[in-house]
Amino acid sequence: RNGKRLGTVEENFLAKMKPGAQFIFAGRRLELVRLRELVATVQPATRKSRGQVPQWMGGKFPLSTMMAEAVAANLRRSGFDPVGEPEMAAAEPILEIQRAWSVVPGPGELLIEETRTRQGYHAFVYPFAGRLVHEGLATLCAFRLARLQPLSIGVAFNDYGFELHCAQEFALDEDGWRELFEARTLLPDLIECMNVHELARRQFREIARVAGLVLNQYPGKARSQRSLQASSSLLFEVFAKYDSDNLLLAQAQREILDRQLEMTRLQATLEAIGDMALVRVTTRKLTPLAFPLWADQLSSEELSSERYSDRIARMLGELESAAADRADPEMRPEVERG
């Protein structure tokens with residue numbers, strides 16, 4: 001905000017944020033002031049909150065639908081019909097710990113693990129639908145949960161599931177979880193909880209170029225991306241204000257929902273969850289499936305006297321010590337099947 005340049009980050013990461021959102025960059029906790037013409041204006045965060053860690057497209061290759069289904073199918077078969085692949089044989093010791101401390105979901109089951117740590121209360125959900133779908137699911141569930149009760153909720157997600165974490169207990173029964181996974185109001189809730197308008201503005205740049213509304217270059221002179229963004233943003237605002245039913249605006253929103261937020265897969269996943277039995281497990285410690293999600297959200301916390309890597313190593317050592325005695329009755333989970 002004072003004119004100093006901190007660096008660059010991918011446009012898609014910041015386009016999802018609204019002014020006031022916090023993220024970690026260059027070792028600092030920053031607050032987004034505004035995003036205009038490919039320039040993000042930020043200021044040091046004045047309030048302490050969980051900040052997102054920038055993500056780069058090169059590190060976000062998600063599982064395809066077929067791959068995600070294959071992973072889930074192998075996990076479900078592992079306890080009953082041993083699979084001969086060397087990968088499953090290598091994973092079997094970890095799956096044994098998962099079965100001892102929690103549950104490996106079977107066909108037609110959605111596993112929800114609820115755990116309490118020093119950071120607060122955690123709910124780990126495993127749809128096995130891929131990273132992009134879980135990003136939308138986590139954001140959607142956090143939005144709906146915060147609408148039900150005044151909570152400050154953080155999220156984390158990977159290819160296998162997502163996590164909701166909060167300082168207060170969620171206090172959700174099966175009907176409450178079913179309400180979070182409701183598919184009928186997906187579109188209006190998704191548009192409200194994510195910065196879809198800003199995302200569509202960014203996508204409109206490409207649509208305007210294809211439609212011939214903006215030119216990549218004038219005779220003998222190329223135009224910068226910043227100039228193209230300024231021109232397309234102006235057109236976007238004019239259409240949004242005076243021609244809200246414009247087909248190009250609808251195309252921009254549709255492309256955002258389908259390509260970036262995986263709207264089709266998200267809708268299908270919610271409908272599939274509606275037919276699944278919910279397996280809710282209260283675990284004593286983080287399970288092998290939960291630990292990567294916990295470690296991911298931990299990276300966005302502010303640690304004053306202990307490095308992130310040291311804390312992960314210490315926690316991993318504690319879990320491995322506990323795993324050495326799998327018959328410990330204190331580690332038996334409380335399972336509720338719906």
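Here is a quick tour of some helices, strands and loop residues in this structure. Keep in mind that the model is predicted. Helix α2 has the end-to-end span expected for its number of residues, and its buried residues line one face. Strand β10 pairs with β4 in parallel and with β11 in the antiparallel sense. Two loop residues, Phe 128 and Ala 171, have a positive phi without being glycines.

**Helices with a buried face**

- Start with α2, which covers residues 65–78: at 1.5 Å a residue, its 14 residues should span 20 Å, and the end C-alpha atoms are indeed 20 Å apart.
- Five residues of α2 are buried, namely Ala 68, Ala 72, Asn 74, Leu 75 and Ser 78. Looking down the axis of α2, you find these buried residues within an arc of 160 degrees, so they line one face of the helix.
- Part of the cover over those buried α2 residues comes from α3 (86–101).
- Turn to the other side of α2 and you meet Met 66 and Glu 69, both exposed.
- In helix α6 (residues 186–193), the buried set is Leu 186, Asp 189, Leu 190 and Cys 193. Those α6 residues fall within an arc of 100 degrees when seen down the axis, so they too line one face of their helix.
- A bit of background helps here: an α-helix has 3.6 residues a turn, so residues three or four places apart point the same way.

**Two helices that cross**

- Helix α4 (residues 131–148) packs against helix α10 (residues 263–274) at an angle of about 65 degrees, and their axes are 9 Å apart.
- This crossing of α4 and α10 is right-handed. On the α4 side, Val 133, Gly 136, Leu 137 and Leu 140 make the contact, while α10 brings Arg 265, Leu 266, Thr 269 and Leu 270.

**Strand pairing**

- As a reminder, strands of a sheet pair through backbone hydrogen bonds, either parallel or antiparallel.
- β1, β2 and β3 form an open sheet of three strands in the order β1-β2-β3, with antiparallel pairing. Its edge strands are β1 (22–25) and β3 (39–44), each of which pairs on one side only. Ignoring direction, neighbouring strands in this sheet are turned by 50 degrees against each other on average.
- Between β1 and β2 (residues 28–36) there are four bridges, with the strands running antiparallel. If you want a spot to look at, Phe 23 has Leu 30 in β2 as its bridge partner.
- Strand β10 (residues 277–282) runs parallel to β4 (residues 109–117), and six bridges join them. Here Leu 110 sits opposite Leu 278 in β10.
- β10 also pairs with β11 (residues 334–337), this time in the antiparallel sense over four bridges. In this pairing Thr 282 is opposite Glu 334 of β11.

**Loop residues with a positive phi**

- Most residues other than glycine have a negative phi, and that's the reason to flag the next two.
- Phe 128 has a positive phi of about 55 degrees and is in the loop between β5 (120–126) and α4. With a relative accessible area of 6%, Phe 128 is buried, given that buried means under 20%.
- Ala 171 also has a positive phi, near 55 degrees, and its loop runs between β7 (162–166) and α5 (174–180). At 64% relative accessibility, Ala 171 counts as exposed, since the cut-off for that is over 50%.

How values were computed
Residues are numbered from 1 along each chain as its sequence is written. This is a predicted model: local features need pLDDT of at least 70, side-chain atom pairs count only at pLDDT 80 or more; totals for chains, interfaces and linings use all residues. Side-chain values use heavy atoms; hydrogens and water are left out. Helices (H or I, at least four residues) and strands (E, at least two) are DSSP runs, numbered from the N terminus. The expected span of a helix is 1.5 Å times one less than its number of residues. Buried means under 20% relative accessible area, exposed over 50%, partly exposed in between (1.4 Å probe, protein chains only). The arc is that of the directions from the helix axis to the C-beta atoms. Contact means heavy atoms within 4.5 Å. Two strands pair if DSSP finds at least two bridges between them. Axes are lines fitted to C-alpha atoms, for helices over the stretch in contact, and angles run from 0 to 180 degrees between N-to-C directions. A crossing is left-handed if the near helix is turned anticlockwise from the far one by less than a right angle, and right-handed if clockwise.
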